[in-house]
Structures are given as C-alpha cells and as structure tokens.
Amino acid sequence: MELTGLTTKHLGRPFFSLQEVDSTNTFLKDRAWELPHGAAVAAEHQTAGKGRRGRSWQDQPGETLALSVLLKEACQDIALLPLQVGLAACEAIRALYGAPAAIKWPNDVILGGKKLSGILCESCYQDQTWAAVAGIGINLNQEQESFDQAGLIYATSLKLQLGRPLKSLQLAAELLNQLEHYYSMPFEEMLPLYRQRCITLGRQVRVLYGGEQLEGEALTVDHAGNLICRIGGQERAIRSGEASVRGLYGYI
C-alpha cells in the first residue's frame with residue numbers, strides 16, 4: 001500500500017500494513033533477501049513482539065505503532081543505528097504533534113518524564129551480504145490502567161500525554177521520513193541535535209554494568225555513540241548494549 005504523507009525515496013517503498021503478525025522484525029528478516037532496501041511493515045498487533053535483551057514486547061490491537069524497516073545499504077556503523085532510529089522517532093513526534101519528546105540514552109523516546117517507545121535493531125548476513133532490520137514500537141492509545149496492570153510504572157502513551165487517540169499510519173509515514181533523513185546523514189552531523197534532545201546528559205546516573213553498579217554524572221555522547229560519564233573522578237565511555245543507565249532517583 002501507499003502511505004499517505006510519505007516523502008521518502010526508499011524507506012517505506014514497499015510498505016506492508018498487517019492486521020496481525022508474530023513480529024514485524026521477523027517478518028522482514030525472513031524476507032530480507034527478497035525485498036529491497038527500505039521495505040517496511042507495520043502491524044496492528046504482534047503476537048510475539050521482541051524487545052532488547054531478549055524481552056518480549058506486549059501489545060493489544062490498535063494500542064501501538066509496531067513498525068520495522070529493512071536497511072540494506074551500508075551505514076557507517078551498525079552500532080549507531082539505534083541512536084539514529086531513536087532520534088528519528090523523537091523528531092517524528094515533535095513534527096507531527098508539537099510535543100516536546102526527548103531521548104533517554106541510547107534510544108528510548110521520553111514524553112512527560114515517561115517512556116513512549118522501544119527500539120530493537122537486528123542484523124543478518126547471507127553470502128557475505130549485510131542487512132539490518134530496525135524495529136520501533138511506540139505506545140499510541142493505551143490507557144493508564146493497562147500500564148498499571150502490567151506494572152509498567154515508567155511507561156506512557158501518546159494518548160495519555162496529548163489527550164486524544166492517534167492513528168498509527170500517520171506516525172509511521174513521518175517516522176520513515178525522519179529516519180531516511182538521519183540514516184543518510186553522517187553521525188557527526190546529527191550528533192549536536194542528538195545531544196540537544198538527550199535528557200540523560202547533565203544528570204546523575206546509575207550505570208548497571210555486568211554485575212557492577214556505578215554512580216556518576218552523564219557528560220556527553222561521543223562520536224561512537226558512547227555515553228561519557230564521570231565516575232569516581234574519571235571519565236568512562238559506556239557502550240550502548242553493554243550497560244543499562246538509569247537516573248539516580250528514577251527512570252530518567
């Protein structure tokens with residue numbers, strides 16, 4: 001189908017809109033060598049949605065935007081992809097709704113001090129050919145009761161923050177527009193905006209690194225996407241995917 005509002009050259013072309021799927025990431029990974037760069041899929045409901053670190057992503061029909069996009073053109077560094085996707089999601093929400101969305105390093109989108117999204121980027125190889133699938137789940141229309149019942153005290157939805165129900169495909173089109181822009185941009189060019197949107201910076205944070213728990217101040221994000229923290233009087237680079245970072249007194 002053709003997405004209304006899509007202005008991209010590649011991303012979202014083709015675009016698949018499904019009522020139900022096990023996982024939008026799995027849908028594209030299974031077809032990665034048949035589909036072109038930029039193919040995207042969104043689903044009303046995932047029966048086996050995936051999150052980071054092996055977690056599951058739970059949703060109900062119509063409550064979330066579950067979107068994945070296939071990326072086959074080489075990027076400068078696959079480790080930077082989650083940050084690019086996080087910034088694209090943040091900017092899509094700002095552009096569409098005028099809401100002051102922000103980023104908790106490395107890629108959680110935050111609004112009203114709570115988490116709106118989850119992002120999972122996966123890579124795959126065949127015959128020395130590389131591809132990646134970027135999966136984005138954004139809470140759209142959940143009520144507070146659903147988060148309370150699930151024990152998700154740091155989660156929110158766009159409906160709760162903006163006071164009205166929202167349509168997933170409108171957001172999907174804008175997110176793909178934003179992602180094509182930032183995916184094609186050298187990371188050092190998008191880094192100043194990323195730092196501006198990153199509310200982790202300047203805060204006291206707790207870093208969970210393996211079995212170790214450290215406390216310090218988040219200083220900046222470097223050109224490799226690492227979070228630079230001052231811990232015990234020394235600066236340390238925290239790599240995305242290797243550690244979990246929380247605010248000292250809460251989620252952010």
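**Legends to the close-up views**

**View 1. Lining of the largest cavity.** The largest cavity is lined by Ser17, Leu18, Ala42, Ala43, Glu44, Thr64, Leu65, Ala66, Ser168 and Leu169. Strand S1 (15-21), strand S2 (40-46), strand S5 (64-71) and helix H5 (168-183) are the elements that give two or more residues to this lining. This view, like the others, is taken from a predicted model. The volume of the largest cavity is about 50 Å³, and the count of cavities of 30 Å³ or more comes to one. Sorted by class, the lining has six nonpolar residues, three polar and one charged.

**View 2. Ala66 in strand S5 and its contacts.** Ala66, one of the residues that line the largest cavity, is found in strand S5. Ala66 counts as buried because its relative accessible area of 1% falls under the 20% limit. Leaving out residues up to four places away in sequence, Ala66 touches Thr24, Val41, Ala42, Ala43, Gln46 and Ile136. Of these, Ala42 and Ala43 are also among the residues of the cavity lining. Arg94 lies 28 residues from Ala66 along the chain, and the C-alpha atoms of the two are separated by 19 Å.

**View 3. Gly137 in strand S10 and Leu65.** Gly137 has its place in strand S10 (residues 129-139). With a relative accessible area of 7%, Gly137 is buried. The C-alpha atoms of Gly137 and Leu65 are 5.5 Å apart in space, while the two residues are 72 apart in sequence. Leu65 is one of the residues that line the largest cavity.

**View 4. The largest nonpolar core, with Leu67 and Leu158.** This core has 62 residues, and Leu67 and Leu158 have the most contacts inside it. Helix H2 (residues 81-97) supplies the largest share of the core, 10 residues. Apart from it lies another core, of 12 residues, including Val21, Phe27, Ala39 and Cys124. In soluble globular proteins, nonpolar side chains tend to be buried together.

**View 5. Contacts of Leu158.** Neighbours within four places in sequence are left aside here, and Leu158 is then in contact with Ile93, Tyr97, Leu111, Leu116, Ile138, Asn139, Leu140, Gly163, Leu166 and Leu171. Within the largest nonpolar core, Leu158 is one of the two residues named for the most contacts.

**View 6. The second largest pocket.** The space in the second largest pocket comes to about 430 Å³. Its lining has 21 residues, of which Ile78, Ala79, Pro82, Ser240 and Gly241 are the closest to the centre of the pocket. Helix H2 and strand S9 (117-126) each supply at least two lining residues. With six residues, strand S9 gives the most to the lining. By class, the lining of this pocket divides into 10 nonpolar, six polar and five charged residues.

**View 7. Tyr251 after strand S15.** Tyr251 is found in the segment that follows strand S15 (244-247). Tyr251 has a relative accessible area of 6%, under the 20% limit, and is therefore classed as buried. Residues up to four places away in sequence are not counted in the contacts of Tyr251, which touches Lys104, Asp108, Ile110, Lys115, Tyr154 and Arg246. From C-alpha to C-alpha, Tyr251 and Lys114 are 7.8 Å apart in space, although 137 residues apart in sequence.

**View 8. Cysteines Cys121 and Cys198.** Zero disulfides are found in a search of the whole structure. Cys198 is in no disulfide, and the nearest cysteine sulfur, that of Cys90, is 9.9 Å away. That distance is beyond the 2.5 Å limit for a pair of sulfur atoms, so Cys198 and Cys90 do not count as a disulfide. Cys198 is buried, with a relative accessible area of 4%. Cys121, at a relative accessible area of 23%, is partly exposed; the class follows because this value lies between 20% and 50%.

**View 9. Cis peptide bonds before Pro14 and Pro106.** Arg13 and Pro14 are joined by a cis peptide bond, with omega about 10 degrees. Pro14 is found in the segment before strand S1. Trp105 and Pro106 are likewise joined by a cis peptide bond, with omega about 5 degrees. Pro106 has its place in the loop between strand S6 (102-104) and strand S7 (108-111).

Conventions. Residues numbered from 1 in each chain as written. Predicted model: local features only at pLDDT ≥ 70, side-chain atom pairs only at ≥ 80, totals over all residues. Heavy atoms only, no water. Core = buried A, V, L, I, M, F, W, Y, C linked by side-chain atoms within 4.5 Å. Buried < 20%, exposed > 50% of the residue type's maximum accessible area, 1.4 Å probe, protein only. Helix = DSSP H or I, 4+ residues; strand = E, 2+ residues; numbered from the N terminus. Contact = heavy atoms within 4.5 Å. 1 Å grid on protein atoms, 1.4 Å probe; cavity = no way out; pocket = protein on both sides within 12 Å on 5 of 7 lines; lining within 4 Å. Points joined across faces, edges and corners; volume = space filled by probe spheres on them. Nonpolar A, V, L, I, M, F, W, Y, C, P; charged D, E, K, R; others polar.
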